[in-house]
Amino acid sequence: MTRSKIRTSGAEGLTLSSTSLTVANGLTLTDGDVTFADTHGLNFAATGDGSGTDSSELFDDYEEGTWTPAMNQGGSTLGIIADSAIYTKIGRFVHVQVYATSLASTTSSGFRISGLPYTNLSSGQTVGSIMYQNIDIPGSRTQMVAYAPSSSDIIRLYGVGDNISWQEITGTNTGTSFNMIINLQYTTS
């Protein structure tokens, strides 16, 4: 195995072997990117200091982009205009945001917004925030949430309230069209 050492002012700065590179006292790139092979990334194993039981300390994915939401209700596709549908994936954590206008129907079926960029984890059920216009929350429920069921790529809309059962938003709760901004974070595999 060949080793090269670069010394600066009498201090060891860089050690290079056929399988590794060790840099002392930081690394500065003046241009370009650091690229990792698939399934590799930044390893924080030396800092395992949480009180829980960790399963990994490898940061191995980052991605950002757009996604195409589709809305359906009771098996029928509804028109949806997505003015903005973006996502950011950091490790297994996915944040999605959509600003959309949809044509409503008068059926009693719940709405499904499909096409999330990643499937929600099988053990994950996630609730996100929603700002809306032209939707009536049913009964005495006081809030509406965006809900992503486990093992799915959909968002469902629910009315919720203190000590009141959840109720899915249906066509009977909307006007001829409605607007919404949804922010949702969930975990993927």
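Here a student and a tutor talk through a predicted model, looking at its strands, one residue and a pocket.

Student: What makes up the secondary structure here, in helices and strands?

Tutor: The protein has 16 strands and zero helices. One of these strands is β12, which covers residues 126-135 and includes Thr126.

Student: Why is Thr126 called buried?

Tutor: Its relative accessibility is 12%, and buried means under 20%. Thr126 falls under that cut-off, so it counts as buried.

Student: Which residues does Thr126 touch, leaving aside its neighbours within four places in sequence?

Tutor: Thr126 is in contact with Asn120, with Ala146, Tyr147 and Ala148, and with Leu184, Gln185 and Tyr186. Each counts as a contact because heavy atoms lie within 4.5 Å.

Student: How much of the whole protein counts as buried?

Tutor: Of its 189 residues, 32% do. The accessible surface comes to about 11800 Å², and carbon and sulfur atoms hold 49% of that.

Student: What share of the contacts with a separation of 6 or more joins residues 24 or more positions apart?

Tutor: That share is 60% in this protein.

Student: Now the largest pocket: what lines it, and how do you know the class of each residue?

Tutor: Ten residues line the pocket, with Ser56, Leu58, Asp60, Gly91 and Arg92 nearest its centre. Among these, Leu58 is nonpolar because Leu belongs to that class, Asp60 and Arg92 are charged, and Ser56 and Gly91 are polar. The full lining has two nonpolar, four polar and four charged residues.

Student: How much space lies in that largest pocket?

Tutor: About 180 Å³.

Methods
Residues are numbered from 1 along each chain as its sequence is written. This is a predicted model: local features need pLDDT of at least 70, side-chain atom pairs count only at pLDDT 80 or more; totals for chains, interfaces and linings use all residues. Side-chain values use heavy atoms; hydrogens and water are left out. On a 1 Å grid over the protein atoms alone, a cavity is a set of points where a 1.4 Å probe fits but cannot get out, and a pocket is an open set with protein on both sides within 12 Å along at least five of seven lines; lining residues have an atom within 4 Å of a point. Grid points are joined across faces, edges and corners, and a volume is the space filled by probe spheres set on the points. Helices (H or I, at least four residues) and strands (E, at least two) are DSSP runs, numbered from the N terminus. Buried means under 20% relative accessible area, exposed over 50%, partly exposed in between (1.4 Å probe, protein chains only). Accessible areas come from the Shrake-Rupley method with a 1.4 Å probe; for residues, only the protein chains shown count as cover.
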